[in-house]
Amino acid sequence: SSRGRASFGGEASLWLVDGLHGQGSALATGGYRFTRRLELTLGGGLRFTGDTAGPALNLTLRTHLPFRGVTTFLRYDGALLLRDQTFDGQNAGSLGLEASF
């Protein structure tokens with residue numbers, strides 16, 4: 001059984017905007033599987049854009065489907081960036097399906 005298992009890891013992303021400006025994030029993550037099919041993951045770290053950086057977090061709820069390696073997820077990403085002496089909050093939500101091979 002995979003109930004009650006904790007997991008720890010990290011994730012990083014980098015992409016180019018307009019082909020010139022780098023943006024991305026680096027997060028440390030920790031998760032816990034409450035039941036055989038339900039898992040919650042929390043991440044915290046740094047979000048950066050071409051001209052600013054700030055703290056970032058994510059929260060992901062995963063449901064493991066009866067098909068091996070297939071899960072659905074609901075994810076929230078947020079960041080607070082300081083730009084020109086004002087705070088710029090960034091928020092995003094995602095709903096999806098992922099498969100592991």
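**Close-up views of a six-stranded chain**

**View 1. The turn between β5 and β6 holds a residue with positive phi**. D84 takes a positive phi near 50° in the hairpin of β5 and β6. Two residues lie between these strands. This is a predicted model. The two strands run antiparallel, and 14 bridges join them. One bridge sets L74 opposite its partner in β6, L95. Both leucines return in View 6, as members of a nonpolar surface patch.

**View 2. The whole chain is built from strands, with zero helices**. Six strands are present. Read from the N terminus, the order of elements is β-β-β-β-β-β. The C-alpha trace spans about 50 × 25 × 20 Å along its principal axes. Of the 101 residues in the chain, 27% are buried. The accessible surface amounts to about 7000 Å². Carbon and sulfur atoms hold 60% of that surface. Among contacts with a separation of 6 or more, 35% come from residues 24 or more positions apart.

**View 3. β4 and β5 form a hairpin with five residues between them**. G69 sits in the turn and has a positive phi of about 80°. The strands pair in the antiparallel sense over nine bridges. Where does L57 find its bridge partner? The partner is G78, in β5. In a regular strand, side chains alternate between the two faces of the sheet.

**View 4. R75 and E11 meet in a salt bridge**. The N to O distance is 2.8 Å. R75 belongs to strand β5 and E11 to strand β1, residues 5-17. The pair links distant parts of the chain, 64 residues apart. Is R75 buried or exposed? R75 has 19% relative accessibility, so R75 counts as buried, the limit being under 20%. E11 has 32% and counts as partly exposed. R75 also forms a salt bridge with D77, again with 2.8 Å from N to O. Shared partners join E11, R75 and D77 into one network. Side chains of opposite charge can pair when their charged atoms come close.

**View 5. A salt bridge joins E98 to R62**. The closest N and O atoms are 2.6 Å apart. E98 lies in strand β6, residues 86-99, and R62 lies in strand β4, so the pair ties together parts that are 36 residues apart in sequence. R62 is buried, at a relative accessible area of 19%. E98 is partly exposed, at 29%. How many salt bridges does a search of the whole structure find? The search finds four, including this pair and the two that involve R75.

**View 6. Leucines, tyrosines and a phenylalanine make a nonpolar surface patch**. The patch covers about 1000 Å². Its members are Y32, F34, L38, L40, L42, L57, L59, L61, L74, Y76 and L95. Which elements give two or more residues to the patch? They are β3 (38-48), β4 (53-64) and β5 (70-83). Y32 is found in strand β2, residues 21-33. Y32 has a relative accessible area of 36%, so Y32 is partly exposed. That value lies over 30%, the cut-off for patch residues. L57 belongs to the patch and has G78 as its bridge partner. L74 and L95 are patch members and bridge partners.

Conventions:
Residues are numbered from 1 along each chain as its sequence is written. This is a predicted model: local features need pLDDT of at least 70, side-chain atom pairs count only at pLDDT 80 or more; totals for chains, interfaces and linings use all residues. Side-chain values use heavy atoms; hydrogens and water are left out. Patches are made of residues with over 30% relative accessible area and no salt bridge: like charges are joined within 9 Å, nonpolar side chains (Val, Leu, Ile, Met, Phe, Trp, Tyr) within 5 Å. Accessible areas come from the Shrake-Rupley method with a 1.4 Å probe; for residues, only the protein chains shown count as cover. A salt bridge is a side-chain nitrogen of Lys or Arg within 4 Å of a carboxyl oxygen of Asp or Glu. Helices (H or I, at least four residues) and strands (E, at least two) are DSSP runs, numbered from the N terminus. Buried means under 20% relative accessible area, exposed over 50%, partly exposed in between (1.4 Å probe, protein chains only). Two strands pair if DSSP finds at least two bridges between them. Contact means heavy atoms within 4.5 Å.
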